[in-house]
Amino acid sequence: MPKKEQGWVTFQTSEEERKILEEFCDQSQRTKTEILRELVRGLNQHSSLSNSQPTINTEEEDIYTQQPEIKISIQKKPLKVSSRNILKGVVKRVVTGAVNSEVTLEIVYKVELTSIITTVSVEELDLSEGKEAYAVIKSNDIVIARE
């Protein structure tokens, strides 16, 4: 069956555009198909909003230089990990260093696990006292994860 009859959409992109899409897919841990489907659905929502709420431009601006504001919500897939020892806990304390930080999770009352991870990881995971996180134990390492 031809791709057209299966509902395929194909289009040409520049190398730069493909690179941007691939980087976005890597960062969001989603496939190109998922990203493009969400983009298309977002366009439908955007067009219904713009049709129902006309705007009047009081300033004189070149309409070709204006950037449309399209917000797309990105939902990450649930975390999949090969380790079988995944313990949910609450961040008890974070001792931040210049390069590495010490993160302590309370798994159950008075049971704590501590891991040394990079300070960049602490920031990217938005780890702070009171937030839920996971201790992922593989061999003798404890890896911190968060939804």
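Let me start with the pairing of strand β2, residues 100-108, with strand β3, residues 111-118, which in this predicted model run antiparallel to one another over eight bridges. Two of the pairs can be named here: threonine 104 has threonine 114 as its bridge partner in β3, and leucine 105 is bridged to leucine 113 of that strand. The two strands form a hairpin with two residues between them, and one residue of that turn, lysine 110, deserves a moment of our time.

Lysine 110 sits in the loop between β2 and β3, and its phi is near 65°, a positive value in a residue that is not glycine. Is this lysine 110 buried or exposed? With a relative accessible area of 65%, lysine 110 is exposed, because the cut-off for that class is over 50%.

On its other pairing, β2 meets strand β1, residues 85-96, again in the antiparallel sense, this time over six bridges. Within that pairing valine 94 stands opposite valine 103 of β2, and the connection from β1 to β2 is a hairpin that passes through three residues.

That brings me to the interior. Which residues make up the largest nonpolar core? There are ten in all, namely Val91, Val103, Leu105, Ile107, Ile117, Val122, Leu127, Ala133, Ala135 and Ile144. The elements that give two or more residues to this core are β2 and β4, the latter spanning 132-138, and it is β2 that gives the most, with three residues. Leucine 105, which we met a moment ago as the partner of leucine 113, belongs to this core, and if we leave aside its neighbours within four places in sequence, its contacts include Val91, Ala133, Ala135 and Ile144, along with Val90, Lys92, Val111, Glu112, Leu113 and Tyr134.

Staying with β4, I would also point to valine 136, which is found in that strand. Valine 136 counts as buried because its relative accessible area is 5%, where the class requires under 20%. Its C-alpha atom is separated by 6.5 Å from that of leucine 87, although the two residues are 49 residues apart along the chain.

Ahead of β4 there is another backbone feature to look at, in the loop between α3, residues 119-124, and β4, where aspartate 126 lies. Aspartate 126 has a positive phi of about 55° although it is not a glycine, and its accessibility differs in class from that of lysine 110: at 40% relative accessibility, aspartate 126 counts as partly exposed, whereas lysine 110, as I said, is exposed.

Finally, a word on confidence. The protein averages a pLDDT of 75, and 69% of the residues score at least 70. Where does pLDDT stay under 50? That happens over residues 54-67, a stretch for which the model has two contacts beyond four places in sequence. Where pLDDT is low, the predicted coordinates should not be read in detail, and I would ask you to keep that caution in mind when looking at residues 54-67.

Note on methods:
Residues are numbered from 1 along each chain as its sequence is written. This is a predicted model: local features need pLDDT of at least 70, side-chain atom pairs count only at pLDDT 80 or more; totals for chains, interfaces and linings use all residues. Side-chain values use heavy atoms; hydrogens and water are left out. Two strands pair if DSSP finds at least two bridges between them. Helices (H or I, at least four residues) and strands (E, at least two) are DSSP runs, numbered from the N terminus. A nonpolar core is a set of buried Ala, Val, Leu, Ile, Met, Phe, Trp, Tyr and Cys residues joined through side-chain atoms within 4.5 Å. Buried means under 20% relative accessible area, exposed over 50%, partly exposed in between (1.4 Å probe, protein chains only). Contact means heavy atoms within 4.5 Å. pLDDT is the predictor's confidence in each residue, from 0 to 100.
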